[in-house]
Amino acid sequence: MDFQPSILRDGSPMESLEKQLLCPICLEMFSKPVVILPCQHNLCRKCANDIFQAANPYWQSRGSSIISGGRFRCPTCRHEVLLDRHGVYGLQRNLLVENIIDIYKQEFSSRPLKKGEHPMCKEHEDERINIYCVTCEVPTCSMCKVFGAHKDCEVAPLQSIFQGQKSELNNCISMLVAGNDRIQTIISQLEDSCRSTEENSEAAKQELCARFDAFAALLEEKKTELLGRITREQEDKTGFVQGLIHKYKEQLEKSSRLVETAIQAMEETGGAAFLMNAKQLIKTIVEASKGGRLEKIEQGYENMDAFTVSLEHLADAVRALDFEPDEEDEFYEEVEEDTGDTEPERVVAGRAIPLCASITSITTQPPQTEGMMEG
């Protein structure tokens, strides 16, 4: 650690020597190594290097041969020095100053404490603080105890109070450190709880999405099934009607041919020729008119209202979806009080929606196709 010159209080020769050993840049004792400039002024090598680097920003560190040398101006006399490619590291070290600094520091470390270095009493400037007033809980001097403000107070040796309060302070520090450890433990637990909450929330979200996706898939499957039933009923009805249309067209074509044949017979002028075919033609027309009746469909045969699905109970169940309660008994009590339904999966008082049973129970009334035809 650098020597602090402010410790010396008196104007001794050592203090004068100290002033000569101060670096003009950092204003502290020269630190090794000390460089001596051509003008005989000294600097810390670190301070000299900082000045040189600031004055020569493009100069590169030792070992580089791209730029050789630079300019250096002494901060004391402003004398300019041209340095070689080594920069400040090429200046000569002042070993004499370094040795003087070592001797100075050894001399100072062996000197006894001075009077000014010990706390002195404010009331009695020549008296050192050497006792402790237990009554006022402040350190004081012997004169204050004999003649001063603490003459009626209880006092104790300074060292005993010092050791006691130092021990008490050490216990307080230990207690505070232990409290800090507990706080840090709580912080760690809270951070773990926060991370666990985030992880559990993410897992709950994924599970909820999976359940809703499965429920949506079940709805889509049921919708596909019901649409298929409607499509099959549509195909059955349209197929039957198309068959009737084909039969009626055949009958119409046959009847049209009989009409043409009858018209041609009516154009016959000869009685014998007309009578030869008229009787059989009349018989054929009468039989065709009696035996050619086809099936018919009842009114409203094309109606598909039987395939209407009621989803109100399912919509109510979806709107009532909620998370499970903490206790199973509360759930069943709420089911009985709110609805009285014997099927709790339809009430949804916080349950995780066993609605699959509800959706799979959706049915449609199949249309009655039998008996709707007339013969």
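Along β3, which residues point to one face and are buried, and which point to the other and are not? The points below take up this question and then the rest of the structure.

1. Basis of the note. This is a predicted model, in which local features need pLDDT of at least 70 and side-chain atom pairs count only at pLDDT 80 or more, while totals for chains, interfaces and linings use all residues. Residues are numbered from 1 along each chain as its sequence is written, and side-chain values use heavy atoms, with hydrogens and water left out.

2. Strand β3. In β3, G70 and F72 point to one face and are buried, whereas R71 and R73 point to the other face and are not buried. Here "buried" means under 20% relative accessible area, "exposed" means over 50%, and "partly exposed" lies in between, with a 1.4 Å probe and protein chains only. In a regular strand the side chains alternate between the two faces of the sheet.

3. Strand β4 and the hairpin. The side chains of β4 also alternate: V81 and L83 are buried on one face, while E80 and L82 point to the other and are not buried. Strands β3 and β4 run antiparallel and are joined by four bridges; two strands count as paired if DSSP finds at least two bridges between them. Within this pairing, G70 stands opposite L83, and F72 has V81 as its bridge partner. The two strands form a hairpin with six residues between them. R78, in the turn, has a positive phi of about 65°, a value noted here in a residue other than glycine.

4. Overall content. The protein has nine helices and 10 strands. Helices (H or I, at least four residues) and strands (E, at least two) are DSSP runs, numbered from the N terminus. Of the 375 residues in the protein, 22% are buried. The accessible surface comes to about 27,100 Å², and carbon and sulfur atoms account for 54% of that surface; the areas come from the Shrake-Rupley method with a 1.4 Å probe, and for residues only the protein chains shown count as cover. Among contacts between residues at least 6 apart in sequence, 53% join residues at least 24 apart, where contact means heavy atoms within 4.5 Å.

5. The sheet with β1. An open sheet of three strands has the order β2-β1-β5, with antiparallel pairing. Its edge strands are β2 and β5 (92–93), each of which pairs on one side only. Three bridges join β1 to β2, and V34 has C44 in β2 as its bridge partner. The loop between β1 and β2 contains Q40, a residue other than glycine with a positive phi, near 75°. Q40 counts as exposed because its relative accessibility is 55%.

6. Helix α2. This helix lies across β1 and β2 and runs at about 90° to β2. Axes are lines fitted to C-alpha atoms, for helices over the stretch in contact, and angles run from 0 to 180 degrees between N-to-C directions. The buried residues of α2 are C47, A48, N49 and F52, and they pack against β1, β2, β3 (70–73) and β4.

7. The nonpolar core. The largest nonpolar core has 22 residues, and those with the most contacts inside it are F30, L37, L43, F72 and L83. The elements giving two or more residues to this core are β1 (34–36), β2 (42–44), α2 (45–55), β4 (80–83) and α3 (95–110). Such a core is a set of buried Ala, Val, Leu, Ile, Met, Phe, Trp, Tyr and Cys residues joined through side-chain atoms within 4.5 Å. In soluble globular proteins, nonpolar side chains tend to be buried together.

8. The sheet with β6. Another open sheet of three strands has the order β7-β6-β8, with antiparallel pairing. Strands β7 (138–140) and β8 (155–157) are its edges, each pairing on one side only. The twist averages 35° from one strand to the next. Three bridges join β6 (residues 131–133) to β8, and I131 stands opposite P157 in β8. Helix α5 (residues 158–266) packs on this sheet, touching β6, β7 and β8, and its direction makes about 85° with that of β8.

9. Helix α5. This helix has 109 residues and reaches 157 Å from its first C-alpha to its last, close to the 162 Å expected at 1.5 Å a residue. The expected span is 1.5 Å times one less than the number of residues. The buried residues of α5 include G179, F215, L218, K222 and L226.
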